[in-house]
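Here are my notes on the model you sent over. Have it open while you read, and follow the points in order.

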Amino acid sequence: MIKIDNLKVWVWEKEILKWISLNFELWKNYCLLWKNWSGKSTLSSFLMWHPNYNYISWSVSLDWKDLLSLNAEERSKAGLFLSFQNVPEIQGIKLSEFLRIIYNISLKNINPEQKDISPFIFKRHISKYLTELHINEGFLDRDLNVGFSWWEKRKIEILQMKLIGPKYIILDEIDSGLDLDAFRAVASMLKNLSSEKNSLIIITHYFKILEYIDVDKVYVLRDWLVEREWGKELIEKIIEAGFE
Ligand SMILES: Nc1ncnc2c1ncn2[C@@H]1O[C@H](COP(=O)(O)OP(=O)(O)O)[C@@H](O)[C@H]1O
Ligand SMILES: [Mg+2]
């Protein structure tokens, strides 16, 4: 479980999150229903680790480990994954090497004795995922996300999830910027990925994705406080009657 107990986050003089308290349990899926600029992306990147944010908190833990004392790599090893609202492009890092490195780290995380998988074996290992996600093998030789379309970047993120099997997956507006076909494909891939071994934390303005992925809880934020938690029936009410 990710347990956030009274978290306040600010940057320079600007207060972004004010005394947030909420929990994300493994097995359950969540939806954060917060207004624009309310701090959804801030919370996401704060949890994953971000250099610019100041914070005070009673505690933030992940499976009872103190999350705030871990660096980004340790948070990832502890099972946290962030799908960025804006996926970064990183020149000079070859996609195949990036994927192989994170895969090797995830194997070592389970078994410290594990030897690194060679590029040759790795290529064989991911070929089934490439087929499943319709990713052309030629992509592997390109720089990480550089010049990839929105849709291709999403597929690469899903490929990463498949490789390392994260427990808590934050999806920061994964449904935006996709055309209908790409959206459907991403939503079905996420549906297949969702299991009792992970928790999807969905940040969205559209409810369409919730037709694919069942959420157990909805968190509503108002005036920087988590007003209350709801079951998914809230979504049905909003679709019918609107936000107000
Ligand atoms: N690194 C930062 N520096 C300055 N302001 C920031 C930073 N990160 C977020 N903010 C501000 O915090 C507010 C919340 O942003 P964000 O978390 O992106 O909202 P949301 O994702 O809910 O739309 C915005 O007003 C944004 O400009
Ligand atoms: Mg955002």
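**Notes on the model**

1. Let's start with strand β6, which is covered on both faces: L80 and L82 are buried on one side, and F81 and S83 are buried on the other. In general, side chains in a regular strand alternate between the two faces of the sheet. Strand β6 covers residues 80-83 and has the highest confidence in the chain, with a mean pLDDT of 98.

2. Who sits next to β6? Strand β9 (residues 168-172) pairs with β6 in the parallel sense, over 4 bridges. If you want a spot to click on, L80 stands opposite Y168 in β9.

3. A word on trust, since this is a predicted model. The mean pLDDT of the chain is 92, and 96% of its residues reach 70 or more. The weak spot is strand β12 (residues 225-230), where confidence is lowest, at a mean of 64.

4. Now the overall build. The chain's secondary structure comes to 7 helices and 12 strands. Its radius of gyration is 18 Å, close to the 18 Å that the globule rule gives for 244 residues, so the chain is as compact as a globular protein of that length. Along the principal axes, the C-alpha atoms fill a box of roughly 55 × 40 × 35 Å.

5. Two more figures for the whole chain. Buried residues make up 26% of the 244 residues. Of the contacts with a separation of 6 or more, 68% are between residues 24 or more positions apart.

6. Next, have a look at the open sheet of 4 strands, ordered β2-β1-β4-β5 with antiparallel pairing. Which strands are at the edges? They are β2 and β5 (65-66), each of which pairs on one side only.

7. Strand β1 (residues 2-11) is joined to β2 by 7 bridges, antiparallel. On its other pairing, β1 runs antiparallel to strand β4 (residues 54-62), with 8 bridges between them. L7 is a handy residue to follow here: L7 stands opposite I20 in β2 and opposite S57 in β4. Further along the β1 and β2 pairing, I4 has L22 as its bridge partner.

8. β1 and β2 also form a hairpin with 2 residues between them, and W12 in the turn has a positive phi of about 45°. For background, most residues other than glycine have a negative phi. That makes the next two tryptophans worth a look as well.

9. W19 is in strand β2 and has a positive phi of about 50°, although it is not a glycine. W19 counts as partly exposed because it has 14 C-beta neighbours inside 10 Å. The other one is W64, in the loop between β4 and β5, with a positive phi near 70°. Is W64 buried or exposed? W64 is exposed, because just 8 other C-beta atoms lie within 10 Å, and the cut-off for exposed is 12 or fewer.

10. On to ligand 1. The residues around it are V11, K14, I16, W34, N36, W37, S38, G39, K40, S41, T42 and N52. By type, the shell divides into 4 nonpolar, 6 polar and 2 charged residues.

11. Which elements supply at least two residues of that shell? They are β2 (14-24) and α1 (40-48). α1 gives the most, with 3 residues. So β2 turns up twice in these notes: as an edge strand of the open sheet and as part of the shell around ligand 1.

12. Last, check R75, which is in helix α2 (residues 72-77). Why does R75 count as buried? R75 has 20 C-beta neighbours inside 10 Å, and the cut-off for buried is 20 or more. Leaving aside neighbours within four places in sequence, R75 is in contact with M48, W49, L67, L70 and L80. L80 is one of the buried residues of β6 from the opening point. R75 and I2 are 73 residues apart in sequence and 11 Å apart in space, C-alpha to C-alpha.

Notes
Residues numbered from 1 in each chain as written. Chains lettered and ligands numbered in written order. Predicted model: local features only at pLDDT ≥ 70, side-chain atom pairs only at ≥ 80, totals over all residues. Near = placed C-beta within 6 Å. Nonpolar A, V, L, I, M, F, W, Y, C, P; charged D, E, K, R; others polar. Contact = placed C-beta atoms within 7 Å. Rg over C-alpha atoms; globule rule 2.2 N^0.38 Å. pLDDT = per-residue confidence, 0-100. Pairing = 2+ DSSP bridges.
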